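This report describes the fold and packing of a single protein chain. The sequence and model are shown first.

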Amino acid sequence: MFSWKRPGNLGVTQGRLARPKRTPNCVSSQADPADAGHYITPIPFKGGAVEAMAAARKAVESRRGSTVIRHEGNYLYAEFRSQLMRFVDDVEFFFDEKAGLIHVRSASRLGRRDFGVNRARLESLRSRIEGRVKA
């Protein structure tokens, strides 16, 4: 019924996450800031990669429907599955230690529109990470 195949463009290449999809169901902190539909502010973080990714992982794992797929060094990849229709969104975090920023990308695997779900999810995760995850 739905494609459960993971995209082949996930991960970090030369310090960058994959470019955002052309459809409006993807946001990225590495998109052009002039592209308001796709751009989301990266998460400022004071500390090292271990602390940054631990905070990101804890925030991700605090959300229902999340599964951490890959966590190594300064990179974390998780899938979020919707409760009702079981749609999958791919969410990535990449910590740029030199800049003190956690770059983020969230994209729906299927469809065109997400009604702001990817952006809202990342903003919720941002709040948890910036608060060093209390919820």
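The account below moves from the overall fold to the helices, the nonpolar cores and a few individual residues.

## Overall fold

The model is predicted. The protein contains two helices and six strands, arranged along the sequence in the pattern β-β-α-β-β-β-β-α. Its radius of gyration is 14 Å, close to the 14 Å that the globule rule gives for 135 residues, so the protein is as compact as a globular protein of that length. Taken along the principal axes, the C-alpha atoms fill a box of roughly 45 × 30 × 25 Å.

Buried residues make up 42% of the 135 residues. The accessible surface comes to about 7600 Å², and carbon and sulfur atoms contribute 52% of that surface. Among contacts with a sequence separation of 6 or more, 54% join residues 24 or more positions apart.

## The two helices

The table sets out the two helices.

| Helix | Residues in helix | Distance between end C-alpha atoms | Arc of buried residues |
|---|---|---|---|
| H1 | 13 residues | 18 Å | 155° |
| H2 | 14 residues | 20 Å | 140° |

For H1, a rise of 1.5 Å a residue predicts a span of 18 Å, and the distance between the end C-alpha atoms agrees with this value. The buried residues of H1 are Ala 49, Ala 52, Met 53, Ala 55, Ala 56, Ala 59 and Val 60. Seen down the helix axis, these residues fall within an arc of 155°, so they line one face of H1. An α-helix has 3.6 residues a turn, so residues three or four places apart point the same way. The cover over the buried residues of H1 includes strand E3 (66-72), E4, E5, E6 and H2.

Helix H2 runs over residues 117-130, and its reach of 20 Å is close to the 20 Å expected at 1.5 Å a residue. Its buried residues are Asn 118, Arg 121, Leu 122, Leu 125, Arg 126 and Ile 129. They cover an arc of only 140° around the axis, which puts them on the same side of H2. These buried residues pack against strands E1 (26-28), E2 (43-44), E4 (75-81), E5 (88-96) and E6 (101-108), and also against helix H1 (49-61). Just after H2, Arg 132 takes a positive phi of about 55°.

## Nonpolar cores

In soluble globular proteins, nonpolar side chains tend to be buried together. Here the largest nonpolar core has 22 residues, and the members that touch the most others are Met 53, Phe 93, Ile 102, Leu 122 and Ile 129. Two or more residues of this core come from each of H1, E4, E5, E6 and H2. The largest share, seven residues, is that of H1.

Leu 122 is also one of the buried residues of H2. Setting aside residues up to four places away in sequence, Leu 122 touches Val 27, Ile 40, Val 91, Phe 93, Val 104, Arg 105 and Ser 106. Apart from the largest core lies another, of five residues, among them Leu 10, Leu 17, Tyr 75 and Phe 94.

## Individual residues

Two residues of the segment before E1 can be set side by side. Gly 11 lies in this segment and, at 6% relative accessibility, counts as buried. Beyond its neighbours within four places in sequence, Gly 11 is in contact with Arg 16, Leu 17, Ala 18, Arg 70, Tyr 75 and Glu 92. Gln 14 also belongs to the segment before E1, but Gln 14 is exposed, with a relative accessible area of 80%. Although Gln 14 is not a glycine, it has a positive phi of about 50°.

Asp 114 is found in the loop between E6 and H2. Is Asp 114 buried or exposed? Its relative accessible area is 12%, so Asp 114 is buried, the cut-off being under 20%. Leaving aside neighbours within four places in sequence, Asp 114 contacts Pro 24, Asn 25 and Ser 108. Asp 114 and Thr 23 are 91 residues apart in sequence, and their C-alpha atoms are 9.6 Å apart in space.

Definitions and conventions:
Residues numbered from 1 in each chain as written. Predicted model: local features only at pLDDT ≥ 70, side-chain atom pairs only at ≥ 80, totals over all residues. Heavy atoms only, no water. Helix = DSSP H or I, 4+ residues; strand = E, 2+ residues; numbered from the N terminus. Expected span 1.5 Å × (residues − 1). Buried < 20%, exposed > 50% of the residue type's maximum accessible area, 1.4 Å probe, protein only. Arc of directions from axis to C-beta. Contact = heavy atoms within 4.5 Å. Rg over C-alpha atoms; globule rule 2.2 N^0.38 Å. Areas by Shrake-Rupley, 256 points an atom, 1.4 Å probe, with all protein chains shown as cover. Core = buried A, V, L, I, M, F, W, Y, C linked by side-chain atoms within 4.5 Å.
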